[in-house]
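Let's take a relaxed look at how some helices and strands sit together. Have the picture open as you read.

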Amino acid sequence: MNSNSELIRHLINRGALSSKNIIEAFENIDRADFVYDPSVSDVYEDYPLQIGYGQTISQPTTVAMMLEMLSPRKGQKILDIGSGSGWTTALLSFIVGDKGSVTGLERVEELVKYGKINLEKYGLYNSTIIQAGDALGIVGEEFDRILVSAAADKFPTELLEQLKIGGRLVIPVGNSIYEVTKKENGEYESIEHYGFTFVPLIY
(Lines give C-alpha, C1' and ligand atoms only; values in the text may rest on other atoms or scores of the structure.)
Protein backbone atom coordinates (compact mmCIF):
# COMPACT_ATOMS: atom_id res chain seq x y z
CA MET A 1 0.00 0.00 0.00
CA ASN A 2 1.36 3.35 -1.04
CA SER A 3 -1.09 5.89 0.40
CA ASN A 4 -3.32 6.62 3.35
CA SER A 5 -6.42 6.16 1.17
CA GLU A 6 -5.24 2.68 0.14
CA LEU A 7 -4.71 1.78 3.79
CA ILE A 8 -8.22 2.95 4.68
CA ARG A 9 -9.78 0.91 1.85
CA HIS A 10 -7.85 -2.12 3.09
CA LEU A 11 -9.11 -1.64 6.66
CA ILE A 12 -12.70 -1.24 5.48
CA ASN A 13 -12.51 -4.25 3.16
CA ARG A 14 -11.21 -6.53 5.90
CA GLY A 15 -13.94 -5.38 8.28
CA ALA A 16 -11.67 -3.64 10.79
CA LEU A 17 -13.05 -0.17 10.10
CA SER A 18 -16.74 0.64 9.72
CA SER A 19 -17.91 3.65 11.77
CA LYS A 20 -18.25 6.90 9.85
CA ASN A 21 -16.58 9.07 12.50
CA ILE A 22 -13.60 6.73 12.85
CA ILE A 23 -13.16 6.45 9.07
CA GLU A 24 -13.20 10.25 8.88
CA ALA A 25 -10.48 10.40 11.53
CA PHE A 26 -8.29 7.98 9.55
CA GLU A 27 -8.85 10.10 6.44
CA ASN A 28 -7.67 13.24 8.21
CA ILE A 29 -4.88 11.86 10.41
CA ASP A 30 -2.13 10.33 8.27
CA ARG A 31 -0.07 7.49 9.78
CA ALA A 32 3.02 8.75 7.91
CA ASP A 33 3.12 11.80 10.18
CA PHE A 34 3.72 9.60 13.24
CA VAL A 35 6.81 7.67 12.16
CA TYR A 36 10.37 8.98 12.24
CA ASP A 37 10.88 8.54 8.51
CA PRO A 38 7.64 9.11 6.56
CA SER A 39 9.40 8.23 3.28
CA VAL A 40 9.94 4.56 4.18
CA SER A 41 8.24 2.24 1.73
CA ASP A 42 6.20 0.37 4.32
CA VAL A 43 4.71 3.32 6.20
CA TYR A 44 1.19 2.32 5.07
CA GLU A 45 1.59 -1.44 5.40
CA ASP A 46 -0.61 -3.28 7.84
CA TYR A 47 1.93 -4.18 10.51
CA PRO A 48 3.63 -2.45 13.47
CA LEU A 49 6.63 -0.18 12.85
CA GLN A 50 9.44 0.62 15.26
CA ILE A 51 9.42 4.14 16.71
CA GLY A 52 12.47 3.65 18.92
CA TYR A 53 13.01 2.90 22.61
CA GLY A 54 11.60 -0.61 22.19
CA GLN A 55 8.19 0.77 21.21
CA THR A 56 6.08 0.51 18.07
CA ILE A 57 3.32 2.32 16.26
CA SER A 58 0.64 -0.35 16.25
CA GLN A 59 -0.66 -2.36 13.31
CA PRO A 60 -3.39 -0.28 11.58
CA THR A 61 -5.90 -3.15 11.69
CA THR A 62 -5.43 -3.42 15.46
CA VAL A 63 -5.79 0.35 15.94
CA ALA A 64 -8.96 0.38 13.83
CA MET A 65 -10.47 -2.57 15.70
CA MET A 66 -9.66 -1.09 19.11
CA LEU A 67 -11.18 2.26 18.18
CA GLU A 68 -14.31 0.49 16.95
CA MET A 69 -14.49 -1.35 20.30
CA LEU A 70 -13.93 1.92 22.17
CA SER A 71 -16.71 3.68 20.21
CA PRO A 72 -15.53 7.25 20.89
CA ARG A 73 -17.95 10.15 20.40
CA LYS A 74 -17.84 13.93 20.06
CA GLY A 75 -17.42 15.84 23.30
CA GLN A 76 -16.03 12.94 25.32
CA LYS A 77 -13.13 12.99 27.75
CA ILE A 78 -10.68 10.23 26.80
CA LEU A 79 -7.50 8.79 28.31
CA ASP A 80 -5.01 7.21 25.89
CA ILE A 81 -2.47 5.09 27.80
CA GLY A 82 0.71 4.21 25.91
CA SER A 83 0.35 6.99 23.36
CA GLY A 84 3.74 6.35 21.71
CA SER A 85 4.22 8.67 18.76
CA GLY A 86 0.73 10.13 19.23
CA TRP A 87 -1.18 8.46 16.38
CA THR A 88 -4.06 7.11 18.47
CA THR A 89 -4.15 10.33 20.52
CA ALA A 90 -4.51 12.32 17.30
CA LEU A 91 -7.22 10.02 15.89
CA LEU A 92 -9.20 10.28 19.12
CA SER A 93 -8.70 14.06 19.28
CA PHE A 94 -10.17 14.44 15.80
CA ILE A 95 -13.17 12.32 16.80
CA VAL A 96 -14.03 14.09 20.07
CA GLY A 97 -13.70 17.54 18.53
CA ASP A 98 -13.25 20.92 20.22
CA LYS A 99 -15.72 20.18 23.02
CA GLY A 100 -13.93 16.95 23.96
CA SER A 101 -10.46 16.28 25.29
CA VAL A 102 -7.82 13.56 25.03
CA THR A 103 -4.94 12.99 27.42
CA GLY A 104 -2.15 10.74 26.20
CA LEU A 105 0.07 9.04 28.77
CA GLU A 106 3.54 7.83 27.78
CA ARG A 107 6.42 6.55 29.95
CA VAL A 108 9.28 7.26 27.50
CA GLU A 109 10.26 10.92 27.85
CA GLU A 110 11.54 11.17 24.26
CA LEU A 111 8.24 9.82 22.92
CA VAL A 112 6.29 12.31 25.04
CA LYS A 113 8.18 15.10 23.26
CA TYR A 114 7.82 13.44 19.85
CA GLY A 115 4.10 12.83 20.33
CA LYS A 116 3.53 16.48 21.26
CA ILE A 117 5.33 17.60 18.10
CA ASN A 118 3.12 15.30 16.03
CA LEU A 119 -0.07 16.67 17.60
CA GLU A 120 1.07 20.20 16.79
CA LYS A 121 1.27 19.26 13.09
CA TYR A 122 -2.51 19.01 13.15
CA GLY A 123 -3.28 21.86 15.54
CA LEU A 124 -4.98 19.45 17.94
CA TYR A 125 -5.18 21.72 20.96
CA ASN A 126 -7.93 19.68 22.62
CA SER A 127 -5.32 17.04 23.42
CA THR A 128 -2.04 16.67 25.26
CA ILE A 129 0.55 14.00 25.98
CA ILE A 130 2.10 13.85 29.43
CA GLN A 131 4.70 11.76 31.20
CA ALA A 132 3.18 8.73 32.91
CA GLY A 133 3.76 8.47 36.65
CA ASP A 134 4.04 5.49 38.95
CA ALA A 135 0.28 4.93 39.13
CA LEU A 136 -1.62 3.60 36.13
CA GLY A 137 -3.87 6.19 34.54
CA ILE A 138 -4.70 9.46 36.31
CA VAL A 139 -5.89 8.76 39.84
CA GLY A 140 -8.81 10.94 40.94
CA GLU A 141 -10.12 11.64 37.43
CA GLU A 142 -12.90 9.93 35.49
CA PHE A 143 -13.11 9.42 31.74
CA ASP A 144 -15.78 8.51 29.20
CA ARG A 145 -13.33 6.27 27.41
CA ILE A 146 -9.95 4.73 28.26
CA LEU A 147 -7.75 3.15 25.60
CA VAL A 148 -4.64 1.14 26.51
CA SER A 149 -2.21 0.28 23.70
CA ALA A 150 0.12 -2.10 25.55
CA ALA A 151 -0.56 -5.49 27.12
CA ALA A 152 -0.94 -5.93 30.87
CA ASP A 153 0.02 -9.22 32.51
CA LYS A 154 -3.18 -9.14 34.54
CA PHE A 155 -6.27 -6.96 34.43
CA PRO A 156 -5.54 -3.60 36.15
CA THR A 157 -8.70 -3.02 38.20
CA GLU A 158 -7.56 0.48 39.19
CA LEU A 159 -8.54 1.69 35.71
CA LEU A 160 -12.15 0.73 36.36
CA GLU A 161 -12.29 3.38 39.09
CA GLN A 162 -11.33 5.98 36.47
CA LEU A 163 -14.35 5.19 34.26
CA LYS A 164 -17.53 7.24 34.34
CA ILE A 165 -20.88 5.44 34.49
CA GLY A 166 -21.53 4.29 30.94
CA GLY A 167 -17.83 4.60 30.17
CA ARG A 168 -15.80 2.08 28.23
CA LEU A 169 -12.29 0.68 28.66
CA VAL A 170 -10.42 -1.17 25.90
CA ILE A 171 -7.26 -2.89 27.08
CA PRO A 172 -5.01 -5.78 25.97
CA VAL A 173 -4.33 -8.38 28.65
CA GLY A 174 -1.99 -11.15 27.55
CA ASN A 175 -2.98 -12.00 23.98
CA SER A 176 -6.57 -10.79 24.28
CA ILE A 177 -8.25 -7.41 24.08
CA TYR A 178 -10.93 -6.74 26.70
CA GLU A 179 -13.80 -4.37 26.02
CA VAL A 180 -15.28 -3.34 29.38
CA THR A 181 -18.35 -1.15 29.92
CA LYS A 182 -19.31 0.36 33.30
CA LYS A 183 -23.05 -0.07 33.70
CA GLU A 184 -25.56 2.19 35.46
CA ASN A 185 -25.60 -0.02 38.55
CA GLY A 186 -21.82 0.20 38.86
CA GLU A 187 -21.24 -3.33 37.61
CA TYR A 188 -19.09 -4.13 34.59
CA GLU A 189 -19.78 -5.94 31.35
CA SER A 190 -16.76 -7.48 29.62
CA ILE A 191 -16.16 -8.90 26.14
CA GLU A 192 -12.91 -10.71 25.33
CA HIS A 193 -11.39 -10.66 21.83
CA TYR A 194 -8.65 -13.26 21.29
CA GLY A 195 -5.44 -13.41 19.29
CA PHE A 196 -3.41 -10.19 19.52
CA THR A 197 0.21 -9.25 20.27
CA PHE A 198 1.35 -6.03 21.96
CA VAL A 199 4.40 -4.57 23.60
CA PRO A 200 4.16 -5.01 27.40
CA LEU A 201 2.47 -2.42 29.62
CA ILE A 202 4.99 -1.09 32.15
CA TYR A 203 3.89 0.75 35.28
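Which strands does α4 lie across? Helix α4 lies across β3, β4, β5 and β6 (143–148), and its direction makes about 170 degrees with β4. Helices (H or I, at least four residues) and strands (E, at least two) are DSSP runs, numbered from the N terminus.

Before going on: this is a predicted model, where local features need pLDDT of at least 70, side-chain atom pairs count only at pLDDT 80 or more, and totals for chains, interfaces and linings use all residues. Residues are numbered from 1 along each chain as its sequence is written, and side-chain values use heavy atoms, leaving out hydrogens and water.

Those strands belong to an open sheet of seven, in the order β5-β4-β3-β6-β7-β8-β9, with mixed pairing. Two strands pair if DSSP finds at least two bridges between them. At the edges, pairing on one side only, are these two:

| Edge strand | Residues |
|---|---|
| β5 | 127–131 |
| β9 | 188–194 |

Further in, β3 (residues 77–81) and β4 (residues 101–106) run parallel, joined by five bridges. One pair to find is D80 with its bridge partner G104 in β4.

Now for α3 (residues 60–70): ten of its eleven residues are buried, so this helix is largely enclosed by the rest of the structure. Buried means under 20% relative accessible area (1.4 Å probe, protein chains only). Among the buried ones are P60, M66 and L70. After α3 comes S71, with a positive phi near 55 degrees.

Methods:
Buried means under 20% relative accessible area, exposed over 50%, partly exposed in between (1.4 Å probe, protein chains only). Contact means heavy atoms within 4.5 Å. Axes are lines fitted to C-alpha atoms, for helices over the stretch in contact, and angles run from 0 to 180 degrees between N-to-C directions.
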